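Visitor: I'd like to learn how to read a model like this one, feature by feature. Could you walk me through it?

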Amino acid sequence: MCMIKRTGSGEKPIIYIFLFILAIAYAVFFTKLSILKYLSFFSFNGNPLAEDNNMFWHTIRGRWFYQSIGERLFNSDVSLFYAFVALIYKIFPSIYTILSVRHLFIGLGVFPVYFISKRAFNSRGAALLFSITYLLFNPLHH
């Protein structure tokens, strides 16, 4: 008789809920901050943001990943993530959509950090500490 070992048993879902709340709080805070920077003309990310907006505008109109401005077509930034964002951008066509979805996915990065840290250090506490450190990592915000 074959016995199947259950993995992940004993893991408390409260940790996942806490990580999800942290990710949402990160996304809301930095989306608001990015929108304020954008509205105050203090965004140092203006040109790439305009290129992304142009690419999404063309993508939802059937010209996939086409840009009529800029020179960075199909560089390291273009991925399946852009196809997903284009679906949301079709419903809400705005710069704010790009900023909010970008920060949401950066915030959801706490889950891979948590799982990798937990496996590497075999400790939930260390994994939680690394997850929080990930969200507080300053270059991530820029």
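**Reading a helical chain**

Guide: Happy to, and we can start with one helix: α4, residues 95-107, has 13 residues and spans 18 Å from its first C-alpha to its last, close to the 18 Å expected at 1.5 Å a residue. Keep in mind that this is a predicted model.

Visitor: Which residues of α4 are buried?

Guide: Burial is a matter of relative accessible area, with under 20% as the cut-off. In α4, I95, T97, I98, L99, V101, H103 and G107 are buried.

Visitor: And what happens at the start of α4?

Guide: There, look for a side chain reaching a backbone atom. A side-chain oxygen of S94 comes to within 3.1 Å of the backbone nitrogen of Y96.

Visitor: Let's zoom out. How many helices and strands does the chain have?

Guide: Seven helices and zero strands, so to speak an α-α-α-α-α-α-α pattern when you read along the sequence. Of the 142 residues, 30% count as buried.

Visitor: What share of the contacts links residues 24 or more positions apart?

Guide: Take the contacts in the chain with a separation of 6 or more: residues 24 or more positions apart account for 58% of them. For one pair to look at, try A25 and L104, which are 79 residues apart in sequence and 9.2 Å apart in space, C-alpha to C-alpha. A25 is found in helix α1 and is partly exposed, with a relative accessible area of 43%.

Visitor: How do I read the surface? What part of it belongs to carbon and sulfur atoms?

Guide: Begin with the total, then split it by atom type. The accessible surface of the chain comes to about 9700 Å², and 70% of that belongs to carbon and sulfur atoms. After that, look for patches: I14, I17 and I21 make a nonpolar one of about 300 Å².

Visitor: Where does I17 lie, and why does it count as partly exposed?

Guide: I17 lies in helix α1, residues 13-39. It counts as partly exposed because its relative accessibility is 45%, and that class runs between the 20% and 50% cut-offs.

Visitor: Last one: backbone angles. Which residue has a positive phi although it is not a glycine?

Guide: For this, scan phi along the chain and check the residue type. N122 has a positive phi of about 55° and is not a glycine. N122 is found in the loop between α5 (110-121) and α6 (124-136).

Visitor: Is N122 buried or exposed?

Guide: N122 is exposed, with a relative accessible area of 72%.

Definitions and conventions: Residues are numbered from 1 along each chain as its sequence is written. This is a predicted model: local features need pLDDT of at least 70, side-chain atom pairs count only at pLDDT 80 or more; totals for chains, interfaces and linings use all residues. Side-chain values use heavy atoms; hydrogens and water are left out. Helices (H or I, at least four residues) and strands (E, at least two) are DSSP runs, numbered from the N terminus. Buried means under 20% relative accessible area, exposed over 50%, partly exposed in between (1.4 Å probe, protein chains only). Contact means heavy atoms within 4.5 Å. Accessible areas come from the Shrake-Rupley method with a 1.4 Å probe; for residues, only the protein chains shown count as cover. The expected span of a helix is 1.5 Å times one less than its number of residues. A polar contact is a pair of N or O atoms within 3.5 Å; within protein, one must be able to donate a hydrogen and the other to accept it, and residues adjacent in sequence count only if both atoms are side-chain atoms. Patches are made of residues with over 30% relative accessible area and no salt bridge: like charges are joined within 9 Å, nonpolar side chains (Val, Leu, Ile, Met, Phe, Trp, Tyr) within 5 Å. A salt bridge is a side-chain nitrogen of Lys or Arg within 4 Å of a carboxyl oxygen of Asp or Glu.
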